[in-house]
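Colleague: I've never read a protein model before. Could you walk me through this one?

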Amino acid sequence: MILRRIAHHLKQQQWTAVLIELVILILGVFLGFQVTDWANERANRSAEVRHLEEIAEDLRADAEAFERISAAAEMRISGIDYVLGETRGVTRPSRVVTPTGESFDMPAGPPVAAADRTTLLGRVNLVRSTTGNRTGFEALLGAGGMQKIRDRQISRQLQVYYAQLDELTAITVILRQLRAEGVATGHTLGLSAFGEMDPDKLTAIVRGSPAYSAYLRTSREWAAVYLSAVNEQRQRALKLLADIEAYLGKRAR
């Protein structure tokens, strides 16, 4: 319609009318692009909020899981410390040196209560783990990737967090392989993986088996590495969760 009017005004050489119609046309096109950009921006921001809310929910679940895993790792450490203390008189070195050359103070688990000493095998072979809750992060990647997150700090934290989660999974694989080898060694000594046993009988068997004692020492070291990694990842989860909640709170205002 407007192009028809412009053509008519041109034929009539009505230059003022032509100019007005052109201004209206250009303004309409410009406003159309602006409305489209505004709609796209609003959709992107809505998607960002939705993805971050889903990731925040995953992080809450991860933090709770890491707390349970940390408690289990401490139980494993305390069980091994008890058995080694009874068989060798020494529970642990003061420092742990990781495969990457880093070192930290050797952690200690809670003392094993007298009522729990018949379940020492269950403690020393306990490995709890998680691959993390990735639903929100995977949905973000599937919807276009990290560029949907405007806050560069949060974007970076997300990448680090899920990369470290993969590293944690790799340590879990080592722990499970080590446990499989230790359980196999235990079978040759008449020890089950998680069965109840008189603690004095267990310590007598371990005292006479350098191989099983070495398994416990190695398992103790890896459990300490795992505990440290789990606690660090839990702190990352809580920090990232707090930053996401603060960012969403600012957007809501």
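Modeller: Sure, let's start with confidence and then look at one helix.

Modeller: This is a predicted model, so to speak of local features we need pLDDT of at least 70, and side-chain atom pairs count only at pLDDT 80 or more, while totals for chains, interfaces and linings use all residues. Residues are numbered from 1 along each chain as its sequence is written, and side-chain values use heavy atoms, leaving out hydrogens and water.

Colleague: What is the mean pLDDT of the chain?

Modeller: pLDDT is the predictor's confidence in each residue, from 0 to 100. Here the chain's mean is 83, with 77% of residues at 70 or more. Among the elements, helix α1 (residues 2-11) has the lowest mean, 53, and helix α3 (residues 120-124) the highest, 95. Where pLDDT is low, don't read the predicted coordinates in detail.

Colleague: How many helices and strands does the chain have?

Modeller: Both are DSSP runs numbered from the N terminus: helices are H or I, at least four residues, and strands are E, at least two. This chain has seven helices and two strands, in the order α-α-β-β-α-α-α-α-α.

Colleague: Which residues of helix α6 are buried?

Modeller: Buried means under 20% relative accessible area, exposed over 50%, partly exposed in between (1.4 Å probe, protein chains only). In α6 (residues 199-207), the buried ones are P199, L202, T203, I205 and V206. They sit on the same side of α6 because they cover an arc of only 160 degrees around the axis, taken from the directions from the helix axis to the C-beta atoms. Exposed D200 and K201 are on the face turned away from that buried side.
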